[in-house]
Amino acid sequence: MDVVALGESMVTFLPSRAGRLADVPSFDRGIGGAESNVACALAAAGHRTRWVSRVGADGFGDHLVEAIARYGVDTRCVGRDPHRPTGIYFRTADDRDTDAHEVLYYRAGSAASAMAPRSVDREALDAGRILHLSGITAALSADCLALLRDLTAPRPGRPLVSFDVNYRPGLWSAGTGEGPAVLLDLARGADLVFVGEDEAADAWGVTGGPDAIRAALPEPATLVVKQGSGGATVFTEGEPAVFQAALKVDVVAPVGAGDAFAAGFLSATLRGLDAERRLRHGHLMAAAALTVPGDLATPPARAHTDRLAALDADAWGTLRLGPGWTDGVPGNVPGDVPENNAVNTEAKEEART
């Protein structure tokens, strides 16, 4: 395997129209889960991936396993729990950054929350070049936290451990204040860490930009600091920091963009690309997620992504992506860069050079 991802996935219900949940008459069923989102995006991009988790022995569990498998993800190591349900959640169609946005989770006591060091197949987890985890799993239960502590601890044969902080205050027990300290400890044990500037401020009180976050988290060999619509900075051990501006995107929904960014960055890492290209591939994969309503998007063809990632700085800065930009790109031939670095007009992109 290229990447093995461990974590809870849930059936998500997307509203048929905008408005309060109380007013929405019907919902479309989808899937959502930070780690499985990464596995699906990577599989769709041509990598061999596996998802390890637990779901209920119910129809929603069947749907999750079947839907994720259709992306090409290996789901043979997903356990079925006859005593606990599969988690589900509902959300409004409004932007998550507005007060009108609502999300209702029904995940307490879910099958995935029963994951523990003794209940997962360690060989299955160690079978990838990269093991991808997130802080969401650590918040589900004491057993899940014990599992993540186990997986981020030094051990013989450990794959490269990728950890997305994914700080979700609502998941941690009210009043304990343990979440931020736990996440910092887990991040220090990982090899590659993704964290947003806003997360670092909310969880650890670290402000002052990427350099301040690196000072607070010097242990990981690679640290990626996501700076929202501004871009992202990567710190690699023994090398100077690299910043790459984000793309201009006509956003449909922000859900899943962080997972898509991680998938793009991991894909470029697996291919041995340099720091700038890793960040650009992250931004491009995030742009695919931002221009669809659900958590998952069809990634652009690899040759198309490579072409865009190779644009010069001026062309990258003027590139604008909208809904449908990953569809129907003719002439996706490796190394085939249009004249003047312009992008194929049939791909609904705009690159003024």
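Here a colleague asks a modeller how the labels on this predicted model are earned.

Colleague: What makes Asp 164 count as buried?

Modeller: Its relative accessible area is 2%. Buried means under 20%, so Asp 164 is buried.

Colleague: And where does Asp 164 sit, and what is it in contact with?

Modeller: Asp 164 is in strand E10. Leaving aside neighbours within four places in sequence, it is in contact with His 132, Leu 133, Ser 134, Gly 135, Phe 194, Lys 226, Gly 258 and Asp 259. Contact means heavy atoms within 4.5 Å, so each residue on that list has a heavy atom within 4.5 Å of one in Asp 164.

Colleague: How do you know that Phe 163 belongs to a nonpolar core?

Modeller: A core is made of buried residues of certain nonpolar kinds, Phe among them, joined through side-chain atoms within 4.5 Å. Phe 163 is a member of the largest one, which has 40 residues, and along with Leu 6 and Trp 204 it touches the most other members. Because membership requires it, Phe 163 must be buried too. Leaving aside neighbours within four places, its contacts include Leu 148, Leu 183, Leu 186 and Val 193.

Colleague: Which elements build that core?

Modeller: Those giving two or more residues include strand E1 (3-6), helix H5 (142-152), strand E10 (160-164) and helix H6 (178-189). Another core, of 23 residues, lies apart from it, with Leu 42 and Phe 265 among its members.

Colleague: Why is helix H1 called mostly covered?

Modeller: Because 10 of its 11 residues are buried, each of those ten has under 20% relative accessible area. Among them are Glu 35, Asn 37 and Leu 42. Just after H1, Gly 46 takes a positive phi of about 105 degrees.

Colleague: What makes the largest pocket a pocket and not a cavity?

Modeller: A cavity is closed, in that the probe cannot get out, whereas a pocket is an open set of points. This one is classed as a pocket, so it is open. Its volume is about 1,500 Å³. Of the 49 residues lining it, the closest to its centre are Asp 198, Lys 226, Pro 254, Ala 257 and Gly 258. H1 is one of the elements that give two or more residues to the lining.

Colleague: How does the lining divide by residue kind?

Modeller: Into 21 nonpolar, 13 polar and 15 charged residues. Gly counts as polar, so Gly 258 goes with the polar ones.

Colleague: And how much of the chain is buried overall?

Modeller: Of its 353 residues, 54% count as buried.

Notes. Residues are numbered from 1 along each chain as its sequence is written. This is a predicted model: local features need pLDDT of at least 70, side-chain atom pairs count only at pLDDT 80 or more; totals for chains, interfaces and linings use all residues. Side-chain values use heavy atoms; hydrogens and water are left out. On a 1 Å grid over the protein atoms alone, a cavity is a set of points where a 1.4 Å probe fits but cannot get out, and a pocket is an open set with protein on both sides within 12 Å along at least five of seven lines; lining residues have an atom within 4 Å of a point. Grid points are joined across faces, edges and corners, and a volume is the space filled by probe spheres set on the points. Helices (H or I, at least four residues) and strands (E, at least two) are DSSP runs, numbered from the N terminus. Buried means under 20% relative accessible area, exposed over 50%, partly exposed in between (1.4 Å probe, protein chains only).
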